[in-house]
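Q: I am new to this structure and would like a close look at a single part of it. Please take the packing in its interior, and then show me what lies around that part.

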Amino acid sequence: MKHQVNSRLNDIVSKIKKMGYSLTPQRLEIIKIVSESKSHPSAVDVYDKLRKAYPMISLNTVYKNLSLLSSIHEVKEIRTLQNSVHYDGDISLHGHAICEKCGRIIDVKIDESDFKGFFDAKIKENFKENYYINNYGLEFYGLCGLCYKETASD
Ligand SMILES: [Zn+2]
Ligand SMILES: [Zn+2]
């Protein structure tokens with residue numbers, strides 16, 4: 001597990017350098033936080049963690065770095081219905097089940113070979129052309145067990 005996280009960090013860092021972006025200590029720290037996180041943090045969550053080491057950093061800098069990482073497909077943006085954006089450093093193929101009430105985000109593991117093959121075929125069938133997938137979004141919206149129970153007892 002530890003090895004996976006480190007290699008993920010190295011992958012992002014080398015991509016950032018290759019694309020000509022500078023690697024400031026703050027940027028490196030943001031990449032570290034996001035690549036190690038399993039909890040789909042918001043920008044504010046990342047900012048709160050970062051401020052301990054970099055008290056002068058602005059929330060705007062955090063947003064800019066997260067959208068850079070998202071634009072190079074190294075972080076996935078997940079929108080909950082409360083209109084807040086969360087960030088996922090785990091870019092392996094998986095979906096999310098999002099609770100519309102409490103905003104909890106649950107990872108949904110998917111068999112990569114089945115899923116990608118299925119969508120490749122479906123896109124081709126509908127689009128009648130080749131299509132090359134760079135990124136994907138697979139979100140399910142509903143109620144988590146806890147919120148469902150609360151709603152049922154209201
Ligand atoms: Zn919930
Ligand atoms: Zn996830």
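A: The answer below starts with the whole chain, turns to the nonpolar core and the helices around it, and ends with the sheet and the loops.

The model is predicted. The protein holds six helices and five strands, and along the sequence these follow the pattern α-α-α-α-β-β-β-β-α-β-α. The C-alpha trace spans about 50 × 45 × 30 Å along its principal axes. Of the 154 residues, 17% count as buried. Among contacts between residues at least 6 apart in sequence, 47% join residues at least 24 apart.

The part to look at closely is the largest nonpolar core, which has 15 residues. Ile 30, Val 34, Val 46, Leu 50, Val 62 and Leu 66 are the members that touch the most other members. Two or more residues of this core come from each of helix 1 (2-18), helix 2 (25-36), helix 3 (43-53) and helix 4 (59-71).

Val 62 is a useful place to stand inside this region. If its neighbours within four places in sequence are set aside, Val 62 is in contact with Ile 30, Ala 43, Val 46, Tyr 47, Leu 50 and Ile 57. Ile 30, Val 46 and Leu 50 are among the residues named above as touching the most other core members.

Which residues bring helix 2 and helix 3 together? On the side of helix 2 they are Glu 29, Ile 30, Ile 33 and Val 34, and these meet Val 46, Lys 49, Leu 50 and Ala 53 of helix 3. The axes of the two helices come within 10 Å and cross at roughly 130°. An angle of 65 to 115 degrees would count as roughly perpendicular and one over 145 as roughly antiparallel, and helix 2 and helix 3 are therefore oblique to each other. The crossing in which helix 2 passes helix 3 is right-handed.

Helix 2 also packs against helix 4, at an angle of about 65° and with the axes 10 Å apart. In this contact, Gln 26, Arg 27, Ile 30, Ile 31 and Val 34 belong to helix 2, while Thr 61, Val 62, Asn 65 and Leu 69 belong to helix 4. This crossing too is right-handed. Ile 30 and Val 34 thus appear in the contact with helix 4 and also in the contact with helix 3.

The loop that joins helix 2 to helix 3 contains His 40. Most residues other than glycine have a negative phi. His 40 has a positive phi of about 50°, although it is not a glycine. Is His 40 buried or exposed? It has 23 other C-beta atoms within 10 Å, and a residue with 20 or more is buried, so His 40 counts as buried.

A second histidine makes a useful comparison. His 73 lies in the loop between helix 4 and strand 1 (76-79), and it has a positive phi of about 60° without being a glycine. His 73 is exposed because it has 12 other C-beta atoms within 10 Å.

Further along the chain there is an open sheet of three strands in the order 4-3-5, with mixed pairing. Strand 4 and strand 5 are the edges, each with a single partner strand, so one side of each has no neighbour in the sheet. Neighbouring strands are turned by 25° against each other on average, direction ignored.

Strand 3 (residues 94-99) pairs with strand 4 (residues 105-109) in the antiparallel sense over five bridges. One of the residues in this pairing is His 96, whose bridge partner in strand 4 is Asp 107. Five residues lie between the strands of this hairpin, where Gly 103 takes a positive phi near 80°. The pairing of strand 3 with strand 5 (residues 139-142) is parallel and has four bridges. Here Ala 97 has Phe 140 as its bridge partner, and Cys 99 stands opposite Gly 142.

Ahead of strand 5 is the loop that follows helix 5 (112-127), and Gly 137 lies in it. Gly 137 counts as exposed because it has 10 C-beta neighbours inside 10 Å. Gly 137 and Lys 76 are 61 residues apart along the chain, and their C-alpha atoms are separated by 8.4 Å.

Terms used:
Residues are numbered from 1 along each chain as its sequence is written. Chains are lettered from A and ligands numbered from 1 in the order in which they are written. This is a predicted model: local features need pLDDT of at least 70, side-chain atom pairs count only at pLDDT 80 or more; totals for chains, interfaces and linings use all residues. A nonpolar core is a set of buried Ala, Val, Leu, Ile, Met, Phe, Trp, Tyr and Cys residues joined through C-beta atoms within 7 Å. Two residues are in contact if their C-beta atoms, placed from the backbone, lie within 7 Å. Two strands pair if DSSP finds at least two bridges between them. Axes are lines fitted to C-alpha atoms, for helices over the stretch in contact, and angles run from 0 to 180 degrees between N-to-C directions. Angles under 35 degrees count as roughly parallel, over 145 as roughly antiparallel, 65 to 115 as roughly perpendicular and the rest as oblique. A crossing is left-handed if the near helix is turned anticlockwise from the far one by less than a right angle, and right-handed if clockwise.
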